[in-house]
Amino acid sequence: MKKIEITSLHENVFETIGKEWMLVTAGTQEKYNTMTASWGCLGWLWNKPVAVIFIRPERYTHQLIEGCDDLTLSFLGNSEEARKIYQFCGSKSGREKGRITFQQARLTLECHKLYKDTLKQENLIDKSLEQWYGDKKGGYHDVYVLEIESVYIP
């Protein structure tokens with residue numbers, strides 16, 4: 001993989017995250033896990049390039065994110081092969097051995113945690129958003145603001 005400057009990216013983040021999805025990988029070389037995510041943002045905050053991700057506390061990857069300062073976001077594209085990988089990583093608990101990034105990744109972002117908070121029911125202005133939470137859906141997401149430190153492409 002080749003390291004590039006973040007300013008050379010020209011991603012349509014609505015396509016990249018909302019339709020393509022991403023793989024969130026956290027942990028150490030000895031113990032790590034990857035999960036699929038389709039909720040997130042890329043932008044600029046505190047004079048830094050950032051990614052914002054939303055992770056439910058029930059997810060195994062959440063434990064690993066809590067225990068480390070750095071993680072990666074990998075984007076595989078929108079091919080049939082990529083969709084199978086995203087679906088697998090989104091449906092397994094991840095307590096099996098995972099990978100830090102994927103050879104198939106067309107884009108990998110190395111990130112460092114800057115901020116965390118938890119979405120709260122009482123702060124939802126639009127109450128229709130409560131449909132995403134509850135017994136069968138899961139708990140309120142933790143929100144992580146991540147500084148994008150490095151960008152890699154094939």
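Is Lys116 buried, partly exposed or exposed, and what is its relative accessible area? In the predicted model examined here, Lys116 is partly exposed, its relative accessible area being 38%. Its salt-bridge partner is Asp142, and the closest N and O atoms of the two residues are 3.6 Å apart. Because Lys116 belongs to strand S7 and Asp142 to strand S8 (residues 142–153), this contact ties together parts of the chain that are 26 residues apart in sequence. The partner residue has another kind of environment: Asp142 has a relative accessibility of 4% and is counted as buried, since the limit for a buried residue is under 20%.

Salt bridges were then considered across the model. Side chains of opposite charge can pair when their charged atoms come close. The count of salt bridges in the model comes to 7. One of them links Glu20 with Arg106, with 3.0 Å between the closest N and O atoms. Glu20 is located in helix H1 (residues 13–20), whereas Arg106 is found in the loop between helix H3 (80–91) and strand S7 (107–118); the pair therefore ties together parts that lie 86 residues apart in sequence. With a relative accessibility of 7%, Glu20 is classed as buried, while Arg106, with a relative accessible area of 28%, is partly exposed.

A further salt bridge is formed by Asp117 and Lys120, whose closest N and O atoms are 3.0 Å apart. Asp117 is partly exposed at 32% relative accessibility, and Lys120 is likewise partly exposed at 32%. Salt bridges with shared partners also connect Glu11, Glu20 and Arg106 in one network.

The analysis next turned to strand pairing around S6. Strand S6 spans residues 70–75, and 5 of its 6 residues are buried, so the strand is largely enclosed by the rest of the structure. Strand S2 (residues 22–27) is joined to S6 by 4 bridges, and the two strands run antiparallel. Within this pairing, Val24 is positioned opposite Leu73 of S6. Strand S6 also pairs with S7, again in the antiparallel sense, over 6 bridges. Here Phe75 stands opposite Leu107, a residue of S7. In a regular strand, side chains alternate between the two faces of the sheet.

Strand S7 thus appears in both parts of this description: S7 pairs with S6, and S7 contains Lys116, which is tied to Asp142 in S8.

Key. Residues numbered from 1 in each chain as written. Predicted model: local features only at pLDDT ≥ 70, side-chain atom pairs only at ≥ 80, totals over all residues. Heavy atoms only, no water. Salt bridge = Lys/Arg side-chain N within 4 Å of Asp/Glu carboxyl O. Buried < 20%, exposed > 50% of the residue type's maximum accessible area, 1.4 Å probe, protein only. Pairing = 2+ DSSP bridges.
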